[in-house]
Amino acid sequence: MTDAAMSEDNTPKELEAALEKAPETEAVKALPIKVRATDVNVFYGDNHALKDVTIDIPEHRVTAFIGPSGCGKSTFLRCINRMNDTIDICRIEGKIEIDDRDIYDRSIDVVQLRAKVGMVFQKPNPFPKSIYDNIAYGPRIHGMVAGKTDTDEMVEASLKRAGLWAEVKDRLAQPGTSLSGGQQQRLCIARAIAVSPQVILMDEPCSALDPIATARIEELIDELRRNFTIVIVTHSMQQAARVSQKTAFFHLGVLVEQGNTEQIFTNPVDKRTQDYITGRFG
Amino acid sequence: MNSLILVAVLLLLSAIGYQFGRKRALAGTGGEIRGLHSLPGYYGAYVALWCALPALLVIAIWLSAQGGIVDSLLIAGLPASAQTLSTGELSLLLSDIRNLASGDITSRTPSPMVLAAAERYNDLRSTGFAAMVVVGLALGMAGFFFGWRAINPEFRARPRVERIVHWALIVASAIAILTTIGIVMSLLFESIRFFSRVSPVEFLFGLNWSPQTALRAEQVGSTGAFGAVPIFAGTFLITIIAMLVAVPVGLFSAIYMAEYASPRFRAIIKPILEILAGIPTVVYGFFAALTIAPFFRGFGESIGLDVASESALAAGVVMGIMIIPFVSSLSDDVINAVPQSLRDGSFAMGATHSETIRQVIIPAALPGIVGSVLLATSRAIGETMIVVMAAGLASNLTANPLEAVTTVTVQIVTLLVGDQEFDSSKTLAAFALGLVLFVITLCLNVIALSVVRKYREKYD
């Protein structure tokens, strides 16, 4: 679905209805902070993609990043597990701390960081392996499992937590690519949680899925936040309203406004936020 | 005026036809392109094709048939004494007549009969040519008017022109296929002649290869032994050595270039590696014979090994170097084709670069890699020049890479080089070897393609 099509049916009334259905939106500020970003600037070559972003991401909550395409929300998400390191021309300034440790510090091993901060991508990207091996991949490379029974348990537990076990338990040896799109995405979530991360980053996880698969993933996100801290980038404002407790609005590389999801959607302070969520641009 | 000028005239006519067809179509709608069924160019092309195609086809058939018809007319016109000559003498006489007619030197002083026949021959040819010119031009003009008259704004020129193009494409691919079939057939028929003299069982399973046959009865030499096992063993030994060199080096350099090298380094290195593929194999051959083989022999001596001056090892290693670019270039392409999303997915799991390469990228690229290795293998099996120069001629059933062995291609070369009669078992053996070699490389290519296809379906 395109941004334009999304924003057309984003009338405030529907948003309010979505918010009422949303899980309890308790005060965010009182919670412990998992990820703290201070004055983060990102450059792609000469292009200043992200400007002075400062945000606190609370533990065991879902934080949503919204904003029009190209606003820098995915760029910021990829800074949190240093996926931007793989892009040569990308340069990052500022400070991002997880549990009060700067992840761009030289003492941090990026491999260990990514084991702690998992990621789910826009398009489901199962490895060209069996369903079983897709899940076992992470635990194996991190030496978290020893022996077959151990691995079996780990695979079963991860698939159960991702709500996929019942559907695939009889065909674990089949390739991951044989699943449907929504199942593939849940496989990718199961794969991410198999290494027991503390934070899970989701980059528009539902944009390639149909509404039913989307609903399942959203339910899953809500369950997962009990054990993980979740950051989600989404183009769908209803989705942000449904799943998140905290919302941050990005526009042209600037973090315009952040706060409780309820407050952002019902009573935005900034004019740009208001225009965006009422569908006047984006 | 010769046939080339006639063809040029027809092409000029069809170029004029193109302009006329275009004009007539546009005139039909008063210059309004949108009123036409097809774009004006299609009407032009329609007339041009009608101009050129039938006439050129008839000319082509005429030219190929004329020689035979003229000859038979000529023979029919010869005096009765000449009619009874044997085929060999008759063809000598005919070539005398032809040579005389074209002003060349003849094998003997021409008799009056030959002189008269030469004149008749020239007459027949010029009459035939004049008739061809008339028919060709008439057909061209007729096609012009037929095509030109058919044109009006509703006329569907595009589908017709496209159908001709469609057939042209079919003909082009048929040429490639028919040539292949022709080659296989010539191999097959010569091989059948060979196998009528030497039993296929002896050829395929015999352990003794000695194709020289005695020319005179008292000559020391043999009746020839055609057991091909030693030379196929030699071929496989050298191929295996070559693959042992080419696969690791090629694959590792592909991985380095695709995964680790900076884009600038890659832009420089990849073309340089591909230069290897552009070196003529004969250059590799003397590199093997003059540099690598003496090096191995000297090295062998220094550690107390007896290495032949022409060893399977030297030929195999150089052949391996030659096919490195095949493996590396193709593998590099398939590794690059692995979607970035898979790399991202693996990195995001906390995998290191080498874990990602070993467990995600190589498995995903495996079908392409296997395909490239098999293609390189069939290239190595068919390679000739290096082994001719560096591997030796002695057929030797051995698995020791330090000894001289010979290969199928080397034997084919030595059997057919020089003045040879083409009906002895010795020369015919070359065709049988070629056939077996062809079957082996064909099987390898089929396996390579099916492996690639099978796994591609699975992973995409």
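Patches, as the term is used here, are made of residues with over 30% relative accessible area and no salt bridge, with nonpolar side chains joined within 5 Å. In this predicted model, one such nonpolar patch, of about 660 Å², is made on the surface by Ile177(B), Leu178(B), Ile181(B), Met185(B), Leu188(B), Phe189(B) and Ile192(B). Ile177(B), one of these residues, lies in helix 6 of chain B, which covers residues 157-197.

Turning from the surface to the interior, the largest nonpolar core has 55 residues, and those with the most contacts inside it are Tyr137(A), Ile238(B), Met319(B), Ile323(B), Ile335(B), Ile386(B) and Val387(B). Two or more residues of this core are given by each of helix 5 (131-141) of chain A and, from chain B, helix 8 (229-260), helix 10 (281-302), helix 11 (312-337), helix 13 (353-382) and helix 14 (385-390). Helix 8 of chain B supplies the largest share, 12 residues. Leaving aside residues up to four places away in sequence, Ile386(B) touches Thr281(B), Tyr284(B), Gly285(B), Ala288(B), Ala315(B), Val318(B), Met319(B), Met322(B) and Ala391(B). Another core, which lies apart from the largest one, has 43 residues, among them Ala190(A), Ala194(A), Ile217(A) and Ile230(A).

The cysteines complete the picture. Over all chains the structure holds 0 disulfides, and Cys188(A) is accordingly in none, the nearest cysteine sulfur, that of Cys206(A), being 12 Å away. Because its relative accessibility is 3%, Cys188(A) counts as buried, whereas Cys443(B), at 41% relative accessibility, counts as partly exposed.

Notes. Residues numbered from 1 in each chain as written. Chains lettered and ligands numbered in written order. Predicted model: local features only at pLDDT ≥ 70, side-chain atom pairs only at ≥ 80, totals over all residues. Heavy atoms only, no water. Disulfide = S-S within 2.5 Å. Buried < 20%, exposed > 50% of the residue type's maximum accessible area, 1.4 Å probe, protein only. Patch = residues over 30% accessible without salt bridge, like charges linked within 9 Å, V, L, I, M, F, W, Y side chains within 5 Å. Areas by Shrake-Rupley, 256 points an atom, 1.4 Å probe, with all protein chains shown as cover. Salt bridge = Lys/Arg side-chain N within 4 Å of Asp/Glu carboxyl O. Helix = DSSP H or I, 4+ residues; strand = E, 2+ residues; numbered from the N terminus. Core = buried A, V, L, I, M, F, W, Y, C linked by side-chain atoms within 4.5 Å. Contact = heavy atoms within 4.5 Å.
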